[in-house]
Amino acid sequence: MNNSLFQKVKVTKATKSRIDTVDFENLAFGNVFTDHMLECDYENGEWINPQVRPYGNIELSPSARVFHYGQAVFEGMKAFKDEQDQVWLFRPEENYRRFNKSSTRLAIPEVPKEVFMDGLEVLVDLDRNWVQKGRGNSLYLRPFVIATEAGVSASPSTKYKFMIICSPAKAYYSGEVRVVFAEKFSRAADGGVGFAKAAGNYAAQFYPTNLAKEEGYQQVVWTDASTHEYLEEAGTMNVFFRIGDTLLTAPTGDRILDGVTRKSVLTLAEHLNIPTEVRRVSVQEIVEAARAGTLKEMFGSGTAATINPIKGFACKNEKFELPQQKDSYANLFKEKLMDIQYNISEDLFGWRHLVQPKAL
Ligand SMILES: *Cc1c(COP(=O)(O)O)cnc(C)c1O
């Protein structure tokens, strides 16, 4: 931690916490925000005035670049509380690194590590009462950056705003998830922005996903844009398959986001001696395995849900249901990850990051 920056982050505390007005038992994901937020502006080539202040609206010109050309990227991460009331982040440096990788692709200047990491710690420490104890509870953290320069000329903004907002979250139960393999629409193309957490990637998924929902599927499994023959991501999650006892997932690259949950699952699989293949996974082999009864599981991985089991899928109007697994990998990885996140098991891989109390 960098103490000099901690002195540089201006902190204005909320006069009164809103925490007593929140029904933590009935939280819908991402609707309630904590007392404070982090804000830092970029002007004249530098990031200035990092500050933590009461959560509230911001004012922007209607001609701010973000509204017209979509120069915006974000991250998603979580804080967890253990039984001793300590607060932990999970692999936050991975999110920091990815945030700047995404930013670079969108011609947005990188945020310095002190602003992102120390700012995050000051903020989470200040709002630590909002991190509820209990397995499944967490504080969802949403760093993002937007282009704020006024004027609609189609060029990169010279002004940006970096912010972090925090939203208390309960265990994520999505119900039974059935997916449809994409045959027409695509999420990402070679040389494009699929690897980046660009805001516009999400906007572009809403319409095809709505069409899938009308057909009774909760998500689209995206296939490669040129042939639609290879399976890439499940909605906004990375996707895994289990054929026999082998775990399969596609390699990351231009089109596939390098998920922190995905890489944690792969590390755990290796540690647990689960045979794993990171390679292109074809629609045809998954359909054939499903027909032969060797396709045991499919699941998505991502910060919000951790692991999201998939019950069934549709491909070219044919429907498949997956069997119930007693020794499910999805469940195994979810429990192992949560044991690490909630400081229950040993941190073999150095993934936990303690939020120091009273960093100020
Ligand atoms: C955020 C995201 C993921 C999951 O990444 P995690 O780091 O595991 O949360 C996967 N795919 C896409 C497209 C994403 O935006």
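**Exercise 1. Find which helices and strands supply at least two residues each to the lining of the largest pocket, then describe that pocket.**

*Solution.* Begin with the secondary structure: at least two lining residues apiece come from strand 7 (138-147), helix 5 (199-214), strand 12, helix 6 and strand 16 (295-302). Keep in mind as you work that this is a predicted model.

Next, look for the main contributor. Helix 5 gives the most to this lining, with seven residues.

Now take the lining as a whole. It is made up of 36 residues, and those nearest the pocket centre are Tyr-202, Gly-235, Thr-236, Met-237 and Ala-304. Sorted by class, the lining has 13 nonpolar, 17 polar and six charged residues.

Finish with the volume: the largest pocket holds about 850 Å³ of space.

**Exercise 2. Work out where the ligand sits and which residues surround the ligand.**

*Solution.* Start with the location. The ligand takes up the space of the largest pocket, the one to which helix 5 gives seven lining residues. Two elements give two or more residues each to the shell around the ligand: strand 12 (237-243) and helix 6 (260-271).

Then list the neighbours. The shell counts 14 residues, and the closest are Lys-197, Tyr-202, Glu-233, Thr-261 and Thr-303. By class, this shell has four nonpolar, six polar and four charged residues.

**Exercise 3. Which N or O atoms of Arg-98, Thr-236 and Thr-303 pair with the ligand, and at what distances?**

*Solution.* Use 3.5 Å as the cut-off for a polar contact, and take the three residues in turn.

- Thr-303: a side-chain N or O atom is 2.6 Å from an oxygen atom of the ligand.
- Arg-98: here too the side chain provides the N or O atom, at 2.8 Å from a ligand oxygen.
- Thr-236: the backbone provides the N or O atom, which lies 3.3 Å from a nitrogen atom of the ligand.

As a last step, check the cover: the ligand on its own has 380 Å² of accessible area, and the protein covers 96% of that.

**Exercise 4. How many cavities of 30 Å³ or more does the structure hold, and what lines the largest cavity?**

*Solution.* The idea behind the search is friendly enough: rolling a probe the size of a water molecule over the atoms shows where empty space is left.

Count first: there is one cavity of 30 Å³ or more. The volume of the largest cavity is about 130 Å³.

Then read off the lining, which includes Gly-76, Met-77, Lys-78, Phe-80, Phe-90, Thr-261, Thr-303 and Gln-341. Strand 5 (77-81) and helix 6 each give two or more residues to this lining, and strand 5 has the largest share, with three. By class, the cavity lining has four nonpolar, seven polar and one charged residues.

Note on methods:
Residues are numbered from 1 along each chain as its sequence is written. This is a predicted model: local features need pLDDT of at least 70, side-chain atom pairs count only at pLDDT 80 or more; totals for chains, interfaces and linings use all residues. Side-chain values use heavy atoms; hydrogens and water are left out. A residue is near a molecule or strand if one of its heavy atoms lies within 4 Å of it. A polar contact is a pair of N or O atoms within 3.5 Å; within protein, one must be able to donate a hydrogen and the other to accept it, and residues adjacent in sequence count only if both atoms are side-chain atoms. Accessible areas come from the Shrake-Rupley method with a 1.4 Å probe; for residues, only the protein chains shown count as cover. On a 1 Å grid over the protein atoms alone, a cavity is a set of points where a 1.4 Å probe fits but cannot get out, and a pocket is an open set with protein on both sides within 12 Å along at least five of seven lines; lining residues have an atom within 4 Å of a point. A molecule sits in a cavity or pocket if more than half of its atoms lie within 2 Å of its grid points. Helices (H or I, at least four residues) and strands (E, at least two) are DSSP runs, numbered from the N terminus. Ala, Val, Leu, Ile, Met, Phe, Trp, Tyr, Cys and Pro count as nonpolar, Asp, Glu, Lys and Arg as charged, and the others, Gly among them, as polar. Grid points are joined across faces, edges and corners, and a volume is the space filled by probe spheres set on the points.
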